[in-house]
Amino acid sequence: MNVVRLVCLILVAVGVPGVCGAQEHPAEPHKHPAGQALINPVDAIRASVTTGRQLYVFDCRQCHGNTGKGDGDMSHAGGVPSDFTDAVWQHGETDGEIFLVIRDGVSADMQGYDDQIPEEDIWHLVNYIKSLAPPREH
Ligand code: HEC
């Protein structure tokens with residue numbers, strides 16, 4: 001790891017946003033302020049979740065599994081596909097943070113879909129994926 005990257009990781013880890021871009025990904029769960037600022041323009045009504053499910057079956061199920069538990073077997077680059085049914089959001093839990101993961105990608109396995117899936121469909125995917133997550137405890 002070079003020094004610049006190391007400094008970036010430290011700055012992001014201590015919560016200094018924006019210094020090294022929003023797309024630094026520490027190993028532990030973290031936030032992406034650029035994603036937190038995005039507002040989901042698509043209401044999570046049943047029709048959207050259903051559309052999201054159809055897209056998911058096409059593009060995501062092979063890695064994230066039929067029920068979203070991360071138990072598909074296609075992650076060739078050695079990554080562990082996220083389980084959407086647990087309470088952990090590695091890259092942040094807001095709709096916008098999840099949107100950015102799907103649009104821009106975060107790893108060799110989880111590549112960005114910006115050239116394959118229109119943004120509105122990515123929001124449908126966000127609504128579907130969030131429908132799999134357990135209710136939040138407050
Ligand atoms: C080739 C396998 C593969 C495919 C296909 C794939 N993913 Fe992923 N996905 C991964 C891996 C591996 C990770 C964990 C990446 C990391 O955090 O380092 C991940 C992480 C994610 C995350 C982050 C979850 C969190 O905890 O923050 C989301 C959201 C996501 N994927 C959505 C999708 C969607 C939606 C699709 C389909 C459009 C998709 N993925 C297709 C492998 C895949």
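What pattern does the protein follow when read along the sequence? The pattern is α-α-α-α-α-α. In this predicted model, the protein has six helices and zero strands. Of its 138 residues, 22% count as buried. Among contacts between residues at least 6 apart in sequence, 57% join residues at least 24 apart.

The interior may be considered next. In soluble globular proteins, nonpolar side chains tend to be buried together. Here the largest nonpolar core has 15 residues, and those touching the most other members are Ile98, Val101, Ile102, Ile122, Leu125, Val126 and Ile129. Two or more residues of this core come from each of H5 and H6, and H6 gives the most, with six residues. Ile122, one of the core residues named above, has contacts beyond its neighbours within four places in sequence: Phe99, Ile102, Arg103, Tyr113 and Ile117.

Helix H6 also packs against helix H3. Two packed helices are described by the angle between their axes and the distance between the axes. For H3, which spans residues 46-59, and H6, the axes come within 7 Å and cross at roughly 100°. Angles of 65 to 115 degrees count as roughly perpendicular, and H3 is therefore roughly perpendicular to H6. On the H3 side the contact is made by Ser48, Val49, Thr51, Gly52, Arg53, Leu55 and Tyr56, and on the H6 side by Asp121, His124, Leu125, Asn127, Tyr128 and Ser131. By class, this contact has five nonpolar, six polar and two charged residues. Leu125 of H6 thus takes part in the contact with H3 and also belongs to the largest nonpolar core.

The surroundings of the ligand involve several of these elements. There are 25 residues around the ligand, of which Cys60, Cys63, Gly79, Gln90 and Met110 come nearest. The shell divides into 15 nonpolar, eight polar and two charged residues. At least two shell residues are supplied by each of helix H4 (61-64), helix H5 (95-104) and helix H6 (119-132). H5 and H6 accordingly appear both in this shell and in the largest nonpolar core.

Finally, attention turns to the loop between H4 and H5, where Glu93 lies. Is Glu93 buried or exposed? A residue needs 20 or more other C-beta atoms within 10 Å to be buried, and 12 or fewer to be exposed. Glu93 has 17 such atoms and is therefore partly exposed. Although Glu93 and His32 are 61 residues apart along the chain, their C-alpha atoms are separated by 9.5 Å.

Terms used:
Residues numbered from 1 in each chain as written. Predicted model: local features only at pLDDT ≥ 70, side-chain atom pairs only at ≥ 80, totals over all residues. Near = placed C-beta within 6 Å. Helix = DSSP H or I, 4+ residues; strand = E, 2+ residues; numbered from the N terminus. Nonpolar A, V, L, I, M, F, W, Y, C, P; charged D, E, K, R; others polar. Contact = placed C-beta atoms within 7 Å. Core = buried A, V, L, I, M, F, W, Y, C linked by C-beta atoms within 7 Å. Axes fitted to C-alpha atoms, helices over the stretch in contact; angles between N-to-C directions. Parallel < 35°, antiparallel > 145°, perpendicular 65-115°, else oblique.
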